[in-house]
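Trainee: I would like to learn how to read a model of a protein assembly with nucleic acid. May we begin with one residue and work outward?

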Number of protein chains: 2
Amino acid sequence: MPTLAFKLNDHLYLRDPQHTQLGQKIIHSSVLLIDRLGFEQFTFKKLAEEIDSTEASIYRYFENKHRLLVYLIAWYWNWMEYRMEIFTSAVVDPNEKLKTCLRVLAEEKKYDPTFEFVNEEALHRIVIAELDKTYLTKGVDDHNKEGLFGGFKSVCAKIVSLVKEINPNYLFAESLVSTVLITANQQLFFASHLPSLTSLEPNENRYNRLYSFLENVVFCSINADNKYA
Amino acid sequence: MPTLAFKLNDHLYLRDPQHTQLGQKIIHSSVLLIDRLGFEQFTFKKLAEEIDSTEASIYRYFENKHRLLVYLIAWYWNWMEYRMEIFTSAVVDPNEKLKTCLRVLAEEKKYDPTFEFVNEEALHRIVIAELDKTYLTKGVDDHNKEGLFGGFKSVCAKIVSLVKEINPNYLFAESLVSTVLITANQQLFFASHLPSLTSLEPNENRYNRLYSFLENVVFCSINADNKYA
DNA sequence: ACAAATATAATAGTATTACTATCATTAATC
DNA sequence: GATTAATGATAGTAATACTATTATATTTGT
């Protein structure tokens, strides 16, 4: 099976890194390096040393390190959507489809050999720790116009359509879904670093607990037959 | 009525800014400047120019700009807790208390003359745009040990205790509350910048809609008498 | 009122970052 | 085999996030 590649928004990069060796090394190593150092401490210089290349060469692929981060996180959401498609394609009941999406969202991430040069485990830690930094900038509006957040928005829209299929009268579909997508990662961060803010345990069972929490929040809200519905 | 001051964690500052004129100018102007420039573009040098002082002087109050941000946001959560106390003190029913807390959380923020040198409207915009940056760092664990996040954790704990009073069997109190505290601000950000991710409108009614959303999520989850409870 | 202590200002300096520019070299392609 | 394009090597710049030193106010205790 050939290595697949996602078609990501043009504005994310200057030169498409998926199609060259250097580009793939940039993706591969930046995931590991950002995971290790954190985005603040990560620099193109350090990355260049890591892959035996130069700062200048990396700048030919990405305008700056922020765009690279946005690229990686867009890649992650494309991957999420791709997995959601795979696992829901055979399912008909929208309730079950929605549950499947939440499972994919909450599950522990493992290396996916379909995409050779991306370590999804490390990438997931990056998403947990850095996702918010992609849009919490003074440039959001411009970046949004360029379509840089398309991956996340697409996953959100997909799940929103399931919610509306299940309950067309539910008033807060978009808010509920964006909340759940973000809190899924946030709660894992809390489990590791601020345990008093979460009901998840720090052990391996947390992924199941996380799923239960998300399922609870989502289905209680959209199925509620009380005055809060 | 005298200007009140919050007792914030010692580790947030080197010299307590609430007790000196320069310190108060630092707080006052940093709120306005971070709001205007965003945290990334904000520097102590620019702040020094703004208040006709020097970088070196500001460094005697705060170790670095990150601590100043954490300080301001801790101040915000202290203020939130203070307001929640005020408005819930006369209420007995825990359901009503919880609703009141959510109202305080979701309401539009206006200048509170009790605290002369803090512009709460601008500070709220900072919380919306920068909150996550306070803990999404490689230093979280150390900062947490120092107690830098006490303000947020305290508000969270207070609301968790209400949730548990209402339904002692609910399994996800901490996760639900931290999710709600964070999403309240996040949804307002989306309403301004990424409207496809939220069910709030960008107009002034969004604060009421936000409250409805939060009430819906919280009460559906904790009162659900279905299999998801 | 005066000395001592402390806070602030003024100024300078440093390592690092986030780039940009130039030119040489290697590799791919036509 | 020549042309084009990608990469590497190197240098340079403005800004940032500090630290250090000394001078000057301002406050405080006696």
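Mentor: We may, bearing in mind that this is a predicted model. Let us begin with B:Met80, which has 0% relative accessibility and therefore counts as buried.

Trainee: In which element does B:Met80 lie, and which residues does B:Met80 touch beyond its neighbours in sequence?

Mentor: B:Met80 belongs to helix 4 of chain B, residues 65-88. Leaving aside residues up to four places away in sequence, B:Met80 touches B:Val104, B:Leu105 and B:Lys109.

Trainee: How far apart in space are B:Met80 and B:Ser57?

Mentor: Their C-alpha atoms are 30 Å apart, with the two positions 23 residues apart in sequence numbering. B:Ser57 will return when we reach the DNA, since an N or O atom in its side chain is 3.1 Å from a phosphate oxygen of DNA strand C.

Trainee: How should I read the nonpolar core, and which residues have the most contacts inside the largest one?

Mentor: A core is read as a set of buried nonpolar residues joined through their side chains. The largest nonpolar core here has 168 residues, and those with the most contacts inside it are A:Trp77, A:Tyr135, B:Trp77 and B:Tyr135. Take B:Trp77 as the example: not counting residues up to four places away in sequence, B:Trp77 touches B:Leu105, B:Val127, B:Leu131, B:Gly151, B:Phe152, B:Val155, B:Leu181 and B:Asn185. B:Leu105 is also among the residues that B:Met80 touches.

Trainee: Is A:Asn144 buried or exposed?

Mentor: The cut-off for buried is under 20% relative accessible area. A:Asn144 has 18%, so A:Asn144 is buried. A:Asn144 lies in helix 7 of chain A, residues 140-145. Beyond residues up to four places away in sequence, A:Asn144 touches A:Phe149 and A:Lys153, and in chain B it touches B:His193 and B:Leu194.

Trainee: Where is A:Thr114 placed, and with which side chain does A:Thr114 make a polar contact?

Mentor: A:Thr114 is in the loop of chain A between helix 5 (94-106) and helix 6 (120-135). With a relative accessible area of 15%, A:Thr114 is buried. The side chains of A:Thr114 and A:Asp112 are joined by a polar contact of 2.6 Å.

Trainee: How are two copies of a chain related in general, and what rotation superposes chain B on chain A?

Mentor: In general, a rotation about an axis and a shift along that axis relate two copies of a chain. Here chain B is superposed on chain A by a rotation of 180° with 0.0 Å of shift along the axis, at an RMSD of 0.0 Å. That is the relation of a two-fold axis. Of the residues of chain B, B:Cys220 comes closest to the rotation axis, its C-alpha lying at 2.8 Å.

Trainee: Why may one say that the copies meet through the same surface?

Mentor: Because 100% of the interface residues of chain B are also interface residues in chain A.

Trainee: Let us turn to the DNA. Which residues come nearest to DNA strand C?

Mentor: There are 17 residues around DNA strand C, of which A:Glu55, A:Tyr59, A:Asn64, B:Ser53 and B:Tyr61 come nearest. Of the strand's atoms within 4 Å of the protein, 62% belong to sugar or phosphate and the rest to bases. By class, the residues divide into 5 nonpolar, 5 polar and 7 charged.

Trainee: Which side chains have polar atoms close to oxygens of DNA strand C?

Mentor: One of them is A:Tyr59, with an N or O atom 3.0 Å from a sugar or linking oxygen. A polar side-chain atom of A:Lys65 lies 3.4 Å from a phosphate oxygen. Helix 3 of chain A and helix 3 of chain B are the elements that give two or more residues to this surface. Helix 3 of chain A gives the most, with 3 residues.

Trainee: How many residues surround DNA strand D?

Mentor: DNA strand D is surrounded by 16 residues, the closest being A:Ser53, A:Arg60, A:Tyr61, B:Glu55 and B:Tyr59. Sugar and phosphate account for 58% of the strand's atoms that come within 4 Å of the protein. Phosphate oxygens of DNA strand D lie 3.4 Å from a polar side-chain atom of A:Arg15 and 3.2 Å from a side-chain N or O atom of A:Ser57. For B:Tyr59, a side-chain N or O atom is 2.8 Å from a sugar or linking oxygen of the strand. The largest share of this surface, 3 residues, comes from helix 3 of chain B.

Note on methods: Residues are numbered from 1 along each chain as its sequence is written. Chains are lettered from A and ligands numbered from 1 in the order in which they are written. This is a predicted model: local features need pLDDT of at least 70, side-chain atom pairs count only at pLDDT 80 or more; totals for chains, interfaces and linings use all residues. Side-chain values use heavy atoms; hydrogens and water are left out. Copies are superposed by least squares on the C-alpha atoms of residues with pLDDT of at least 70 in both. Contact means heavy atoms within 4.5 Å. A residue is near a molecule or strand if one of its heavy atoms lies within 4 Å of it. A polar contact is a pair of N or O atoms within 3.5 Å; within protein, one must be able to donate a hydrogen and the other to accept it, and residues adjacent in sequence count only if both atoms are side-chain atoms. Helices (H or I, at least four residues) and strands (E, at least two) are DSSP runs, numbered from the N terminus. A nonpolar core is a set of buried Ala, Val, Leu, Ile, Met, Phe, Trp, Tyr and Cys residues joined through side-chain atoms within 4.5 Å. Buried means under 20% relative accessible area, exposed over 50%, partly exposed in between (1.4 Å probe, protein chains only). Ala, Val, Leu, Ile, Met, Phe, Trp, Tyr, Cys and Pro count as nonpolar, Asp, Glu, Lys and Arg as charged, and the others, Gly among them, as polar.
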